[in-house]
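Visitor: I am new to this structure and should like to understand the terms used to describe it. May I ask you to justify each one as we proceed?

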Amino acid sequence: MQVPRKTSAVLFDVDFTLIYPGPTFRGEGYQAFCARHGMDVDPAKFADGVAGAAPLLDGPDDAPYDPEVFVAYTRHIIEQMGGRGERLDECAREIYAEWAACQHFELYDDVPAVLRQLAGAGIRIGLISNSHRCLASFQSHFELQGLIAATVSSSEHGFMKPHPSIFSAALQLVNVPAGDAVMVGDSVRQDVEGALRAGMRAVLLQRDAAPHAREPELTALGVPIIRSLRELPALVIA
């Protein structure tokens, strides 16, 4: 593992890095949303729907934030679960709106202690999210106040990761040069490649034990792959 240079700031992705969806955004939750809109869907088809919808989120690297992309993503999942009818779009938009609500999410167990350890070592912590969630509310809901120095959401900034400007905006807020900062996230394209292009270093967080398809390439680039945030302090604290 490598992240050899001085680290003055660590920037984190939010969804699936620090938090994960609760029951509202799983198969049965989608089924409940759809039922309220007069649609009968199969929750067993949710995982396949998510996999099929994933490419819709991989737009151009210079794509501005566009809520319609996420609505289309949600609509595709509903359709793959069997949802049809004139209220399909209305349902997709309700689900998109609810994604911003922190109470529908759970914090990974390793997050609070690791953030406290980094902050205690004098490392400035930032958040960069491609969502429309209020990151101030995120901090208060999960009782992380005082640990996070800066936040940037793509809905407010205007561009999404991997656009370099969103990384630059976060770096300006934490007042740290790119070479002294590390980005941590679960997406190679959005988090790792975006950070590297912005002059930062990067760490890929893959919480399951399966080998990553691009591990040799990432290793060659000096990008560590960790399975838990508990592995991070050893990489960034001198």
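**Salt bridges and a central strand**

Guide: Let us begin with Arg189 and Asp58, whose side chains meet in a salt bridge, with 3.6 Å from N to O. This pair links distant parts of the chain, as Arg189 is in helix 9 and Asp58 in the loop between helix 2 and helix 3, 131 residues apart. Please note that the model is predicted.

Visitor: What makes the contact of Arg189 and Asp58 a salt bridge?

Guide: A salt bridge requires a side-chain nitrogen of Lys or Arg within 4 Å of a carboxyl oxygen of Asp or Glu. The value for Arg189 and Asp58 is 3.6 Å, so the pair satisfies the definition. Asp58 and Arg189 also belong to a network of salt bridges that includes Asp61 and Arg197.

Visitor: Why is Arg189 called buried, and how is Asp58 classed?

Guide: Buried means under 20% relative accessible area. Arg189 has 19% relative accessibility and therefore counts as buried. Asp58, at 45%, counts as partly exposed, a class that lies between 20% and 50%.

Visitor: Which side chain meets that of Asp191 in a salt bridge?

Guide: The partner is Lys161, at 2.8 Å from N to O. Asp191 lies in helix 9 and Lys161 in the loop between helix 7 and helix 8, so this pair ties together parts that are 30 residues apart in sequence. Both Asp191 and Lys161 are buried.

Visitor: How many salt bridges does the structure hold?

Guide: There are 14 salt bridges. One of them joins the side chains of Arg36 and Glu94, at 3.4 Å from N to O. Because Arg36 lies in helix 1 and Glu94 in helix 4, the pair ties together parts that are 58 residues apart in sequence.

Visitor: Why are Arg36 and Glu94 classed as partly exposed?

Guide: The relative accessible area of Arg36 is 49%, and exposed would require over 50%. Glu94 has 26% relative accessibility, whereas buried would require under 20%. Arg36 is therefore partly exposed, and so is Glu94.

Visitor: Why is strand 7 described as largely enclosed by the rest of the structure?

Guide: The description follows because 5 of the 5 residues of strand 7, residues 201-205, are buried. Both faces are covered, with Arg201, Val203 and Leu205 buried on one side and Ala202 and Leu204 on the other.

Visitor: What makes strand 6 and strand 7 a pair?

Guide: Two strands pair if there are at least two bridges between them. Strand 6, residues 181-185, and strand 7 have 4 bridges, in the parallel sense, so the criterion is met. Arg201 of strand 7 is the bridge partner of Val182. The chain crosses from strand 6 through helix 9, residues 188-197, to strand 7, and this β-α-β crossover is right-handed.

Visitor: In what sense do strand 7 and strand 8 pair?

Guide: They pair in the parallel sense, over 2 bridges. Here the bridge partner of Leu204 is Ile225 in strand 8.

Visitor: How much space lies in the largest pocket?

Guide: The largest pocket holds about 870 Å³ of space. Of the 30 residues that line the pocket, the closest to its centre are Phe16, Leu57, Phe70, Tyr73 and Trp99. Helix 2, helix 3 and helix 4 are the elements that give two or more residues to the lining. By class, this lining has 18 nonpolar, 7 polar and 5 charged residues.

Technical notes
Residues numbered from 1 in each chain as written. Predicted model: local features only at pLDDT ≥ 70, side-chain atom pairs only at ≥ 80, totals over all residues. Heavy atoms only, no water. Buried < 20%, exposed > 50% of the residue type's maximum accessible area, 1.4 Å probe, protein only. Right-handed = clockwise from strand over helix to strand, strands pointing away. 1 Å grid on protein atoms, 1.4 Å probe; cavity = no way out; pocket = protein on both sides within 12 Å on 5 of 7 lines; lining within 4 Å. Points joined across faces, edges and corners; volume = space filled by probe spheres on them. Nonpolar A, V, L, I, M, F, W, Y, C, P; charged D, E, K, R; others polar.
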